[in-house]
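Colleague: I would like a close look at one part of this model. Please set the scene with the whole chain, then go to a single helix and stay there.

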Amino acid sequence: MKSWAVKNAKLIAVVALTLVIGLCSGFLLRDVTRRETSGNGGMQVEPVGQMGKASILPDTDVLITYTFLLCGHTREMNVKGGEFSGCTLEDITRSYADARVMELNAKKAIIQRELERYCPAHYMLYLDAADTLCISNTSEEDYTVDELQVLELDAGALAQEVIAELEEGIVLDNLEQINAYFEGVEES
């Protein structure tokens with residue numbers, strides 16, 4: 001009488017061969033998948049917390065359009081990733097209340113920002129709360145307002161109309177116009 005193993009030798013061989021082929025195929029598929037994803041191999045790899053969300057990568061082309069609401073001028077800046085690198089739509093709108101994201105994907109982002117100030121082409125001459133005469137300008141690098149100079153001028157010696165103008169602030173296009181303004185004030 002033959003044993004069960006001898007009777008079913010063909011079945012056991014087929015099952016064993018199927019198991020070996022399956023294991024080899026699994027290992028081969030795993031290695032192919034690893035090669036494709038290592039070094040980005042053409043695939044976009046996102047951090048686990050950002051999976052499924054479009055985000056700006058370090059090599060994403062970012063076009064930012066700044067509109068300066070007080071003068072109406074605009075400036076454009078093209079950067080690769082930059083300060084927005086790793087940001088999603090929610091991150092940008094949370095960090096920059098004045099930003100509108102027009103397009104956002106791994107290759108390209110278009111962001112519009114509206115800033116409540118004059119562009120760098122203008123200077124503001126004004127009296128601050130302590131009646132100090134100041135000149136400010138918007139920085140070219142980051143578009144923040146910088147106080148350039150405090151003028152040593154007695155505001156009390158100025159005419160009331162001039163003080164009223166300076167309390168509102170006077171916008172001029174260059175520093176020479178500030179000198180011309182004060183020459184005109186002295187003459188009147």
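Modeller: Start with the contacts. Of those in the protein between residues at least 6 apart in sequence, 50% join residues at least 24 apart. Keep in mind that this is a predicted model.

The secondary structure comes to five helices and eight strands. Along the sequence the pattern reads α-α-β-β-α-β-β-β-β-β-α-β-α. The protein has 188 residues, and 28% of them are buried. Its accessible surface is about 12,800 Å², with 56% belonging to carbon and sulfur atoms.

Now the helix. Take α4, residues 160-168. Its buried residues are V162, I163 and L166. These cover an arc of only 100 degrees around the axis, so they sit on the same side of α4. The face turned away from that buried side carries exposed residues: Q160, E161, E167 and E168. Just after α4 comes G169, with a positive phi of about 100 degrees.

For a single buried position outside α4, look at T60. This residue lies in the loop between α2 (9-37) and β1 (61-68). The relative accessible area of T60 is 0%, and the cut-off for buried is under 20%, so T60 counts as buried. Its neighbours, leaving out residues up to four places away in sequence, are V79, K80, G81, N105, A106, K107, K108 and A109. There is also a link within the loop's own stretch of sequence: a polar atom of the T60 side chain lies 2.8 Å from the backbone nitrogen of L57.

Note on methods:
Residues numbered from 1 in each chain as written. Predicted model: local features only at pLDDT ≥ 70, side-chain atom pairs only at ≥ 80, totals over all residues. Heavy atoms only, no water. Buried < 20%, exposed > 50% of the residue type's maximum accessible area, 1.4 Å probe, protein only. Helix = DSSP H or I, 4+ residues; strand = E, 2+ residues; numbered from the N terminus. Arc of directions from axis to C-beta. Contact = heavy atoms within 4.5 Å. Areas by Shrake-Rupley, 256 points an atom, 1.4 Å probe, with all protein chains shown as cover. Polar contact = N/O pair within 3.5 Å; in protein donor to acceptor, adjacent residues only side chain to side chain.
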